[in-house]
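Trainee: I'm new to this one. Could you walk me through how to read it?

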Protein chains: 2
Amino acid sequence: MALFLSKYENKIDKKGRVSVPARFRSVLADSGNSSVVLFSSFDGDSINACGMEVMEGLLEKIGAFDPFSEDREADADVLMAESVELPIDGDGRIVIPLDMLAAAEIEGSCLFAGRGDSFQIWQPKAFEARMKEAKERARAKRAKSATTDRGA
Amino acid sequence: MALFLSKYENKIDKKGRVSVPARFRSVLADSGNSSVVLFSSFDGDSINACGMEVMEGLLEKIGAFDPFSEDREADADVLMAESVELPIDGDGRIVIPLDMLAAAEIEGSCLFAGRGDSFQIWQPKAFEARMKEAKERARAKRAKSATTDRGA
DNA sequence: TTGACTCCCATGAAATTCCATGCTACTCCA
DNA sequence: TGGAGTAGCATGGAATTTCATGGGAGTCAA
């Protein structure tokens, strides 16, 4: 399976179009997708993106529709309603809904960050900040564990 | 398999017609439907909608579940009797029965919310409220589990 | 004959497709 | 190794199509 790796920054034109990085497009195509599914991340800092099969897997996990069952996951329903399937046009572009862009404070350009089986879309500076923070946390953790373990 | 994703708000004209979102129509068409099945949700807050094959699956499931359970059978009777199959007209519209609209307090416009293998029709404000509530609950749940797990 | 419902057409707005361009990275050959 | 040629990509704008929505004519039933 091909993975979403690396990061790419692309411009958003005035019609709201953005090129999905060619590498990501080919990963999507490999898994039979001609569209991407997007949904805002939980904390609202970024937009998550994946192929349709991820959503199908989720649906399978929560079970088929059953009006008599009360335990169907409400979170999953929220997710289904809040996500969008965006077709990738002939030039490899998508149009991200305005409310998603607003939630992640994206304007002008955005950063595509690979996450293996999915990817995220960020406001470039926000991504940088997040990255820095994550690295520091990793370092701190490493320093801490070094007192008991020997790091590899 | 295509899924019902995202949400759309459409107007109901004075003849009672509403456009089924084009995306939803194509999902229905993909599974061979030229009509939609509707039935009020148990709590009465919304209207459930799905393709005929989902109803068939549901019936099968109910039957297999517990043929001796009177409750279950009564539920099934009600469900099937109260459901309506609505034809989708040439312009992609349906006419929702008045009693269903009244039960969900829908007037003027309604919101179609994807749920994967089915979708729901809501009074827009009621949906928003429901969504907000579900998100808060999810947040609480997440915060709680964060003390043991690391969130994604 | 009246009322409800269906089918057909018109319209404006929005979304999608198509085409053109410039840049970058890579290849191939000297 | 360096330089020219080439192919792939991101990007911009224009043209075309789709879609939601409104109104009117035709149909069937009570």
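Mentor: Let's take the chain contact, the two DNA strands and one leucine in turn. This is a predicted model, where local features need pLDDT of at least 70 and side-chain atom pairs count only at pLDDT 80 or more, while totals for chains, interfaces and linings use all residues. Residues are numbered from 1 along each chain as its sequence is written, with chains lettered from A and ligands numbered from 1 in the order in which they are written.

Trainee: How many residues does each chain bring to the contact?

Mentor: Two residues are in contact if their C-beta atoms, placed from the backbone, lie within 7 Å. Here chain B brings 27 residues and chain A brings 20 residues. On the side of chain B that touches chain A, the elements giving two or more residues are β4 (47-50), α2 (52-65), α3 (70-82), β7 (109-114) and α5 (124-145) of chain B. α5(B) gives the most, with 6 residues. Helices (H or I, at least four residues) and strands (E, at least two) are DSSP runs, numbered from the N terminus.

Trainee: Why do the copies meet through different surfaces?

Mentor: Because only 7% of the interface residues of chain B are also interface residues in chain A.

Trainee: Which residues are around DNA strand C?

Mentor: "Near" has a cut-off: the C-beta atom, placed from the backbone, lies within 6 Å of the molecule or strand. For DNA strand C, the residues include A:Lys15, A:Pro87, B:Lys15 and B:Val95. That surface divides into 3 nonpolar, 2 polar and 6 charged residues. Ala, Val, Leu, Ile, Met, Phe, Trp, Tyr, Cys and Pro count as nonpolar, Asp, Glu, Lys and Arg as charged, and the others, Gly among them, as polar.

Trainee: And how many residues surround DNA strand D?

Mentor: 19 residues do, and the closest are A:Asn10, A:Lys11, A:Asp13, A:Ala22 and B:Asn10. β1 (7-11) of chain A and β1 of chain B each supply at least two residues of that surface. By class, it has 4 nonpolar, 6 polar and 9 charged residues.

Trainee: Last one: where is B:Leu101 found, and what does B:Leu101 touch?

Mentor: B:Leu101 is in helix α4 (residues 98-103) of chain B. Leaving out residues up to four places away in sequence, B:Leu101 touches B:Ile96 and B:Ile106. A residue is buried if 20 or more other C-beta atoms lie within 10 Å of its own, exposed if 12 or fewer, and partly exposed in between, with C-beta atoms placed from the backbone. B:Leu101 has 19 other C-beta atoms within 10 Å, so B:Leu101 is partly exposed.
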